[in-house]
Amino acid sequence: MQTDSRNDTNQRGKCERSTYVRKYTIGEVAKLTNSNVRTVRYYDEIGLLKPAEVTSGKYRLYTTEEIWRLKLILTLRYLGFGMYEIRNLISGERSVTKVINWQIEVLNAQIRTLTNIKEILQQTTQSDYGEDSLRYMHDLVESIALSSAERKQFILEKMKDSMFPDEVPYEWREALLKMTKSIFYEEGKLSAVQISALNEIEKMLDDPEFIAAAKLSATPYLNMILSGRMDIPTWDQYEQEIYSRLFDALQQKATYDSEVVQSIIHDYVTNFAKGENVPYTLDYFRKFAEKVLSLDTNKMNCFLLQCITLNPRLKWATQVNALFMKGIQWKLAQME
């Protein structure tokens, strides 16, 4: 009996030891990852890296799982990923391949920007202006910036002509391009980086694959426009209202599967059904969702990236759009 008792005690001890999980303080984690306490604390504050436990004394404790996550975050930061892209990657909201391809495009654009700046500097050093080289450099940049004003108008007109299916009336094209149009009227002179973004957009408009993707992005609106039941002012007002509601939801940190976000999506799709003069049904939502989700292409994401470079204030629009798309994706999954 005593032997059995000792065996039971030993067995319990082994089980307790096998379930023991080592936890590390925030200082230990910072040391193990060649980081610092301030960085680790910041990632907790923005919800990117939560500790495994917070003690009654408010001490953060981490396991090897959180340490690995931190190492991954630091690696992605080293590779130039922004916080928003890192959050999408870690949460699984976007595929690894899609986010990496987007980052490659970002780096390619940055390389081209630096190349343009390098060419300006080289032209300056090779000029015969001597002591007036700085003035020459200023005049060179100024001439490029001034010519961009005419180019912006040209690009906008080219977008109206090429980015929509032939059936879309011209007045609707301008309405659908409203957000894009706003980036071309930013006050002040464009920087070298913004001029490079303008170059990228101009190149995209000569790319058949991008034009095909752009035309596809207008298809969810096509039936509503052709039905003639929705006029531009009404649609414009409704779009602003939906964006405002989504932005408020984003500020409140509402999740894509929350009642708030799902209610917005329901209202948005219902309005499309009314515009097409058809009843809102689950089958209608499924077809609408499949159309919308097919638009999340690398080409269109790259275009949006250049737009944000031209007007950084549009960055919130990508976050609103991601919340909306994830909400549609989630609801579609619930129906399957």
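**View 1. Two lysines sit over aromatic rings.** In this predicted model, Lys 326 lies over the face of Tyr 256, and 5.4 Å separates it from the ring centre. A second example brings together Lys 331 and Phe 285: here the lysine lies over the face of the ring, at 4.7 Å from the ring centre.

**View 2. Tyr 221 and Phe 272 form a tilted aromatic pair.** Ten aromatic pairs turn up when the whole structure is searched, and this view shows one of them. The ring centres of Tyr 221 and Phe 272 are 5.5 Å apart, with 50 degrees between the planes. Tyr 221 belongs to helix H12 (residues 219–227) and Phe 272 to helix H14 (residues 259–276), so the pair ties together parts that are 51 residues apart in sequence. Buried or exposed, where do Tyr 221 and Phe 272 fall? Both Tyr 221 and Phe 272 are buried.

**View 3. Tyr 284 and Phe 288 form a stacked aromatic pair.** For these two rings, the distance is 6.5 Å centre to centre and the angle between the planes is 20 degrees. Tyr 284 and Phe 288 are four residues apart in helix H15 (residues 282–293), a separation of about one helical turn. Each of the two, Tyr 284 as well as Phe 288, is buried.

**View 4. Aromatic residues gather in one cluster.** Take a step back from the two pairs and you will meet their residues again. Tyr 221, Phe 272, Tyr 284 and Phe 288 are among the members of one aromatic cluster. Trp 172, Trp 235, Tyr 268 and Phe 324 also belong to this cluster.

**View 5. Glu 53 and Lys 23 meet in a salt bridge.** The structure as a whole holds ten salt bridges. In the one shown here, the closest N and O atoms of Glu 53 and Lys 23 are 2.5 Å apart. Glu 53 lies in strand S2 (residues 53–54), while Lys 23 is in the loop between helix H1 (2–18) and strand S1 (24–25), so this salt bridge ties together parts that are 30 residues apart in sequence. Glu 53 is partly exposed at 29% relative accessibility, and Lys 23 is also partly exposed, with a relative accessible area of 35%.

**View 6. A salt bridge joins Asp 267 and Arg 245.** The N to O distance between these side chains is 3.1 Å. Distant parts of the chain are linked here, with Asp 267 in helix H14 and Arg 245 in helix H13 (residues 232–251), 22 residues apart. Asp 267 has a relative accessible area of 28% and is partly exposed; Arg 245 is partly exposed too, at 25%.

**View 7. Asp 283 and Lys 287 form a salt bridge within helix H15.** The closest N and O atoms of this pair are 3.5 Å apart. Four residues, or about one turn of the helix, lie between the positions of Asp 283 and Lys 287. Asp 283 counts as partly exposed, with 39% relative accessibility. Elsewhere, Asp 44, Lys 50 and Arg 60 are joined into one network by salt bridges that share partners.

**View 8. Val 96, Ile 100 and Ile 104 make a nonpolar surface patch.** The patch comes to about 230 Å². Val 96 is located in helix H6 (residues 96–126) and is partly exposed, with a relative accessible area of 48%. For the protein as a whole, the accessible surface is about 19,800 Å², and carbon and sulfur atoms account for 53% of it.

Terms used: Residues numbered from 1 in each chain as written. Predicted model: local features only at pLDDT ≥ 70, side-chain atom pairs only at ≥ 80, totals over all residues. Heavy atoms only, no water. Patch = residues over 30% accessible without salt bridge, like charges linked within 9 Å, V, L, I, M, F, W, Y side chains within 5 Å. Areas by Shrake-Rupley, 256 points an atom, 1.4 Å probe, with all protein chains shown as cover. Salt bridge = Lys/Arg side-chain N within 4 Å of Asp/Glu carboxyl O. Helix = DSSP H or I, 4+ residues; strand = E, 2+ residues; numbered from the N terminus. Buried < 20%, exposed > 50% of the residue type's maximum accessible area, 1.4 Å probe, protein only. Phe/Tyr/Trp six-rings, centres within 6.5 Å; stacked < 30°, edge-to-face > 60°. Lys NZ or Arg CZ within 6 Å of the ring centre and 35° of its normal.
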